[in-house]
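Here are some notes for a colleague who is opening this structure and would like a guided first reading. Please keep the sequence and the model side by side while going through the points.

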Amino acid sequence: YVHRDPLAVYRSAVHMANTTYWYSYLVSPSDEEIHEFILNQFEVMWDEYARARSLIPDGNLVEISYQELAADPEKAVAGIYRRLGLASDKARVCERVRHMNE
């Protein structure tokens, strides 16, 4: 699970609504409706994650910050493998991470 600063997530969602959603509206929502939608989605997703989190067996969930992942993707992915107890070929993991950034 990748977590991120809620304010950054909110700003990103507002940007996405302003630059992407507009073409799919039949009736343009007000700014207030957009903001309410974003906050509601955050609440729904957070509640669902909190509920589902307790169903995940110990050792099968890794929580990592977006900042940690963005700062050093190769190190972060290697750490995820390690914490999940998965064998990894570091060179192969690093190659895949680099490929994802292209």
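1. A residue is called buried here when its relative accessible area is under 20%, and exposed when that area is over 50%. The reader should also keep in mind that this is a predicted model.

2. With that cut-off in hand, a good place to begin is helix H1, which covers residues 6-19 and so counts 14 residues. From its first C-alpha to its last, H1 reaches 20 Å, close to the 20 Å expected at 1.5 Å a residue.

3. Which residues of H1 are buried? They are Ala 13, Val 14 and Ala 17. Seen down the axis of H1, these buried residues fall within an arc of 100°, so they line one face of the helix. The face turned away from that buried side carries the exposed residues Arg 11 and His 15.

4. What do the buried residues of H1 pack against? Their partner is helix H2, which spans 31-53. In general, nonpolar side chains tend to be buried together in soluble globular proteins. In this model, the largest nonpolar core has 5 residues, namely Ala 13, Val 14, Ala 17, Ile 34 and Ile 38. H1 and H2 each supply at least two residues of this core, and H1 gives the most to it, with 3 residues.

5. Within that core, Ile 34 deserves a separate look, since residues up to four places away in sequence are not counted among its contacts. With those set aside, Ile 34 touches Ala 17, which also belongs to the core, as well as Tyr 25 and Pro 29.

6. The next item is the largest pocket, which has a volume of about 520 Å³. The lining of this pocket comprises 20 residues, and those nearest its centre are Val 9, Tyr 10, Gln 41, Phe 42 and Met 45. Strand E1 (2-3), H1 and H2 each supply at least two residues of the lining, while H2 gives the most to it, with 8 residues. H1 and H2 therefore appear both in the core described above and in the lining of the largest pocket.

7. Finally, consider His 99, which is placed in helix H5, residues 90-100. Is His 99 buried or exposed? Its relative accessible area is 57%, which is over 50%, so His 99 is exposed. Along the chain, His 99 and His 3 are 96 residues apart, and in the model their C-alpha atoms are separated by 23 Å.

Methods: Residues are numbered from 1 along each chain as its sequence is written. This is a predicted model: local features need pLDDT of at least 70, side-chain atom pairs count only at pLDDT 80 or more; totals for chains, interfaces and linings use all residues. Side-chain values use heavy atoms; hydrogens and water are left out. Helices (H or I, at least four residues) and strands (E, at least two) are DSSP runs, numbered from the N terminus. The expected span of a helix is 1.5 Å times one less than its number of residues. Buried means under 20% relative accessible area, exposed over 50%, partly exposed in between (1.4 Å probe, protein chains only). The arc is that of the directions from the helix axis to the C-beta atoms. Contact means heavy atoms within 4.5 Å. A nonpolar core is a set of buried Ala, Val, Leu, Ile, Met, Phe, Trp, Tyr and Cys residues joined through side-chain atoms within 4.5 Å. On a 1 Å grid over the protein atoms alone, a cavity is a set of points where a 1.4 Å probe fits but cannot get out, and a pocket is an open set with protein on both sides within 12 Å along at least five of seven lines; lining residues have an atom within 4 Å of a point. Grid points are joined across faces, edges and corners, and a volume is the space filled by probe spheres set on the points.
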